[in-house]
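Here is my note on the structure you sent round. Please keep the model open while you read.

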Amino acid sequence: MVGRSKRSAITILNSRDFSLPMRTIFPIVLSVLTLVFSGCGPGSNEPPTVSVKGTVTLGGKPLEGANVYYFSEQYSSAGKTDAAGVYELTKGALPGENRVYISKISVPEGALADSDGGVDEGQLMAMAGDPALARSKSGPKEIVPVKYSDPSKTELTITVPESGTEAADFALEAK
């Protein structure tokens with residue numbers, strides 16, 4: 001009897017239909033993949049944008065390494081200036097009225113800025129706005145005046161044409 005029990009268990013294991021779990025898993029995986037990829041690509045929910053390029057100067061000199069942010073009620077986009085102060089919005093902008101703010105954080109040599117160590121640009125911007133760190137000589141500093149760099153106080157606006165623009169220039173006063 002003992003030998004027969006072992007055979008029965010082995011026979012059951014050998015004849016077991018292992019495709020059943022695959023038949024169950026496949027529809028689940030297919031459903032998840034459909035949900036993940038349905039929001040991607042040209043049919044996504046982002047509004048149509050146009051190309052925007054321009055130059056930023058501060059006190060008459062090109063402002064290198066500044067972040068330029070465009071925002072409206074429906075959309076926001078950003079770009080970064082090069083050595084000549086030239087920027088291009090990475091995702092374009094919506095045609096029509098846009099508010100703009102421009103920020104550049106200056107970090108003293110040897111200060112706590114360490115992108116590899118976990119301090120990113122957003123954290124530096126928050127630190128630059130901290131009154132205690134603003135008085136510190138070793139902390140990050142916002143070098144663009146508040147009237148241009150604070151999204152809630154910015155005085156900068158631009159009407160982006162339907163065809164886009166390569167002349168979205170901002171000449172910022174140093175004070």
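The points below go from the whole chain to one sheet and then to its aromatic rings.

1. **Status of the model.** This is a predicted model. Please read every value below in that light.

2. **The chain overall.** The chain holds five helices and ten strands. Of its 175 residues, 27% are buried. The exposed surface comes to about 11,700 Å². Carbon and sulfur atoms supply 58% of that area.

3. **Contacts along the sequence.** Take the contacts in the chain with a separation of 6 or more. Residues 24 or more positions apart account for 66% of them.

4. **The four-stranded sheet.** What is the strand order in the open sheet of four strands? The order is E4-E3-E6-E9, and the pairing is antiparallel. Strand E4 (76–80) and strand E9 (156–160) are the edges, each pairing on one side only. On average, neighbouring strands of this sheet are turned by 30 degrees against each other, direction ignored.

5. **The E3–E4 pairing.** E3 and E4 run antiparallel and are joined by five bridges. Tyr70 stands opposite Ser77 in E4.

6. **The stacked pair.** The count of aromatic pairs comes to four. One of them is Tyr69 with Tyr101: the ring centres are 4.5 Å apart and the planes are at 20 degrees, so this pair is stacked. The cut-off for stacking is planes under 30 degrees apart. Tyr69 sits in strand E3 (residues 67–71) and Tyr101 in strand E6 (residues 96–103). The pair therefore links distant parts of the chain, 32 residues apart.

7. **Burial of the two tyrosines.** Are Tyr69 and Tyr101 buried or exposed? The limit for buried is under 20% relative accessible area. Tyr69 has 19%, so Tyr69 counts as buried. Tyr101 is buried too, at 14% relative accessibility.

8. **The edge-to-face pair.** Tyr101 also forms an aromatic pair with Phe71. Here the distance is 5.8 Å centre to centre, with 70 degrees between the planes, and the pair is edge-to-face. Phe71 lies in strand E3 and Tyr101 in strand E6, so this pair ties together parts that are 30 residues apart in sequence. Both Phe71 and Tyr101 are buried.

9. **The cluster.** Which residues form one aromatic cluster? They are Tyr69, Phe71 and Tyr101. When you inspect this cluster, start from Tyr101, which pairs with Tyr69 in a stacked arrangement and with Phe71 edge-to-face.

Methods: Residues numbered from 1 in each chain as written. Predicted model: local features only at pLDDT ≥ 70, side-chain atom pairs only at ≥ 80, totals over all residues. Heavy atoms only, no water. Phe/Tyr/Trp six-rings, centres within 6.5 Å; stacked < 30°, edge-to-face > 60°. Helix = DSSP H or I, 4+ residues; strand = E, 2+ residues; numbered from the N terminus. Buried < 20%, exposed > 50% of the residue type's maximum accessible area, 1.4 Å probe, protein only. Contact = heavy atoms within 4.5 Å. Areas by Shrake-Rupley, 256 points an atom, 1.4 Å probe, with all protein chains shown as cover. Pairing = 2+ DSSP bridges. Axes fitted to C-alpha atoms, helices over the stretch in contact; angles between N-to-C directions.
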